[in-house]
Each structure stands twice: as C-alpha cells, then as structure tokens.
Amino acid sequence: MSEIKNLKPECIWRNFDALTQVPRPSGHLEKIQQFLLDFAQRIGVEAFKDDAENIIMRKPATPGMENRKGVILQAHMDMVPQKTPESTHNFETDPIQIWIDGDWVKAKDTTLGADNGLGVAAIMAVLEDKNLKHGPIEALITADEETGMFGANALKGGILNGDILLNLDSETWGKFVIGSAGGIDITATLDYKEVETDKEDAALKVTLKGLKGGHSGLEINEGRGNANKLMVRFVREAIAECEARLATWQGGNMRNAIPFKAETVLTMPKENVQAVKELIESFKEEFTDQFKGIESGIEFYAEEVPTPAMQVPVEIQDNLINAIYGCHNGVLRMIPAYPAVVETSSNLAIINIEGGKVGIKILARSAREDMKEYITKTLESCFSMAGMKIETSGSYCGWDPNPDSELLHLLLKEYKELFNEDGIIQVDHAGLECSIILGKYPHLDVVSLGPTMKSPHTTIERAYIPTVDPFWTLLKKTLEDIPVK
C-alpha cells in the first residue's frame, strides 16, 4: 500500500511492503529465497543460498573502514501463517494485506509478518544504502525459524566471517536482549482402533474460539487461555455427567503459538443433548469470569451435526482426556536471578484426534538445560501413562547472557547519546537463533534488538510505527562506530 511506503524511514517500510507481497510461510520459502537473491543481484552485492536453505549476502566495507570488525546482520525469512476463521487467505499464494491504524501497522485477518519481516527489511535497507558508513557486512537470513530453527541448526561453520552478530528479531524497542531460552519439541502419538457409534445417538460439534492466542514464549506469562486446556475441562465433564463420547478433536495449528481455537465432535444419547448445551453455557460463563481482563471475546457453542459412524473407544478416550487434563501448560518457574523473566514453560499447542490416530504437539522452553530436561520428562511421563509413544526433536540450548559484551556496551552508549535515556538489558523467554549460531561460531559477540511489535503469531500482530525510525537511526550509528578489529 502506498501509505505504508510513505512511512519513515522510507527505506525500511518500502522493503517491508515488498516483503508482504511475497508468500513466505514456514516450509514454503522458494519465492522469498528467489526474491532475496534477485534483490541482491539488483543492488550489486554477493549472495547465495547455502545447503541449509539460508540466504547469505556480503557487502564490502566502506573505503577506509576495512579494518573494522565484521558485522553479521541476522533475521529469519519465514513467517507464522495464522488467519481468522473467516479468512480465505492462502499463505502460499496470496500477499499480506497491510494497513495503518493510527500508530500501528496491521494486517487484514492474518498475521502481519513483522516477525521477522521488519528485521529482513532493515537488512535490505543497510545493503542497498550507498551513503552508509560501515565495516565488512554479512547478512544471514535464515530459513524456517518458526517451525524448528532448521536454517540455523543446519548452518555450517566456516561460512561466515564476521566478529559481531546483530540479531534483529527482538520485539521491544529500547530493550537489548543478551540471552534467551532453549527449547524442545515433544510429540505424543497413538494409533487406536475406532469403534462404531450407537446409531441412535446424537452428535454435537463443539467450538471454542475467540481467545487471544499469542507467542508461546514472549506471552506465555500473561495468563491467556489455551483452547486445548479449556476444552478438556468441558469434555471431561460432558463425559462424566452427560454420557458423552469423543469422536474427534482438532485444536491449535502452530507449535509456537498459544492455541486460540479448538473443536470437538461428541456423541451422546439424544435425551442428553440439551444437558450438554447447558453445560457449554455454564463453562462459557465460567471461562469468561476466570479470564476477565485478559480474554474479551470467548465464544463457546455447539452445532448439531450428523452422527459420525465411528468414535474413540471408551478406555482410550478416558486415558487421553486424563493425560490432556493433567498435561502441564504455561509457566513452570521464573528465573531466580531475574524473577520477572520466565525460566521454564510448556505450550500444549496442537491436538488432533481422528480416524484412529492421535497426535499431540508441545513446545517446551527453558533457560536452563537441566530444567528443560525436567519439563520434558514431566510431559513424557504424563502421556506415557496414556500409552502414547513420545518423541522429542528440534532441541536447542539457551543463550547464556554476556553482560560484559563490547557490542552491548556500544549499543547502550549510542542509545543514551541519541535518545537521552538508558537502554534496558533483557533476557527473553522466546527462543532466538543466537544460541544455535553461537554453537557454530562461539567467538561471536551477540546482541538482539528490534522495533516494537505486539502479539506476533496471532491475527492481531502489529508493528509500532514510532519505534522503527529510531531503530534505524541506532542501527546506522552503531554500524558506523563498530570498533577496529
């Protein structure tokens, strides 16, 4: 949109606008990779795609600054594909529709992709700027960060030459991140033999939606409702009080997003349909009251549907419901040395039960490896008691803070001089790729920063316009003042 391109700084918003026109959901990155390679060719910088599907670009130093430490500017190219239930958006083919609402840039019925599109746009702005003074610059734009940090994990040593890594994937302006949590994917699966439904039974499709959802790291401590955990409270009661049976369950769609919607199909004797509907109304009132001040749009309702031919056998059903009910979700512990920061958490992200198969996906995070192991074993134990097969994958370590970082002190100095206020040093509960990259390039001095955005991984994701211009000013000044190698 022309209005977006006219925002300041024009160089970042113009590039961000161009990025929104290129489909780039995780797992479907061919178009964005080609877009970045074409961009590099157009502006005359070296670029290539490595074996891990990352895009790497190199811009020589400004004449006379060849002796400065090399800087790697890093962001990820993929975005989380979330949309409202009413949206017909196809993330693999359609551009994101963006618009300005006061001081915010938003998207129409989808995620915006400011996570991490603004970081990529800033890198593009640096690479194309002919007047910017800087030492040697490399751009590392990683693949599939949102689904498992696959690009960072598969990055090879010896490719990058820099001494400093500026990660541009943080989401609060004025805060400089020097540490982040590690994470691990936990998947529980089960095959079962369906049983026939009583042909005289009725069926209801029960939908819980309208929750905020959100980032399962940055917003896990805000007390938001998890659709799967709320749904299981109702389902357990409906089974116990109304002779209901579970036929199917679909809840959540991204491992790193708090689920905002869940749907189940339940069967029950026809004479109990009204009792189930009344139970739904009772739980809706309960949830609305419990989450007052946090959730404002909870919808919980039932629709009569044709009775399915098959359903989950009662012994499997009961074990699954108990496991889902007992599964830890949310914050487990805060960091003792930083009591305002989450140390360990888990997100019961996805539940699929249908057709004789169960799949449950969880993302657990911790700033400590021993506590990451503890939460993993806690979740394994929970679902093992239901007879499920447990697999772990995508494990990555946390990023240990370095408060003595030369880069950090340079950024804090520049921030104070430019804006007459002190920057804030922060450790994030979100998983950043810095820890993985440091594992391959341990000599790097690393800090993460970025402009402010809210509610990433949700359809109300938005970028705060007044923070982008100062972010660009600080980035330029820092690149100009990078010390001699």
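**Exercise 1. In this predicted model, find which residue stands opposite Lys209 in S14, then work out how S11 is placed among its neighbours.**

*Step 1.* Go to Lys209 and look across to S14: the residue facing Lys209 there is Glu299.

*Step 2.* Now take in the whole pairing. S11 and S14 (residues 299–305) run antiparallel and are joined by 7 bridges.

*Step 3.* Check S13 (residues 262–268) too. S11 pairs with S13 over 7 bridges, again in the antiparallel sense. For a landmark, pick Leu208, whose bridge partner in S13 is Ala262.

*Step 4.* Finally, ask about burial, with buried meaning under 20% relative accessible area. Of the 8 residues in S11 (residues 202–209), 7 are buried, so the strand is largely enclosed by the rest of the structure.

**Exercise 2. Decide whether the two faces of S21 are covered or open, and find what covers the buried residues of H10.**

*Step 1.* Split S21 (residues 445–448) into its two sides. Asp445 and Val447 sit on one side, Val446 and Ser448 on the other.

*Step 2.* Check burial: all four of these residues are buried, which leaves both faces covered.

*Step 3.* Look for a strand partner. S7 (residues 164–167) runs parallel to S21, with 4 bridges between them; Leu165 has Val446 as its bridge partner.

*Step 4.* Move on to H10 (residues 406–419). Its 14 residues reach 20 Å from first C-alpha to last, close to the 20 Å expected.

*Step 5.* Pick out the buried residues of H10: Leu407, Leu408, Leu410, Leu411, Leu412, Glu414 and Tyr415. Their cover includes S7 and S21 from the earlier steps, along with S8 (175–180), S20 (424–428) and H12 (468–480).

**Exercise 3. Describe the largest pocket and the largest cavity, and say what lines each of them.**

*Step 1.* Start with the pocket. Its volume is about 910 Å³, and 46 residues line it. Nearest its centre are His215, Gly217, Leu218, Glu219 and Ala430.

*Step 2.* Sort that lining by class: you get 15 nonpolar, 15 polar and 16 charged residues.

*Step 3.* Which strand gives the most to the lining of the largest pocket? S17 does, with 4 residues. Other strands that supply at least two include S18 (357–366) and S19 (389–396).

*Step 4.* Turn to the closed space. There is 1 cavity of 30 Å³ or more, and the largest cavity has a volume of about 50 Å³.

*Step 5.* Check its walls. Among the lining residues are Leu19, Arg24, Met79, His89, Phe91 and Asp94. By class, this lining has 7 nonpolar, 2 polar and 2 charged residues.

Notes. Residues numbered from 1 in each chain as written. Predicted model: local features only at pLDDT ≥ 70, side-chain atom pairs only at ≥ 80, totals over all residues. Heavy atoms only, no water. Buried < 20%, exposed > 50% of the residue type's maximum accessible area, 1.4 Å probe, protein only. Pairing = 2+ DSSP bridges. 1 Å grid on protein atoms, 1.4 Å probe; cavity = no way out; pocket = protein on both sides within 12 Å on 5 of 7 lines; lining within 4 Å. Points joined across faces, edges and corners; volume = space filled by probe spheres on them. Nonpolar A, V, L, I, M, F, W, Y, C, P; charged D, E, K, R; others polar. Expected span 1.5 Å × (residues − 1). Contact = heavy atoms within 4.5 Å.
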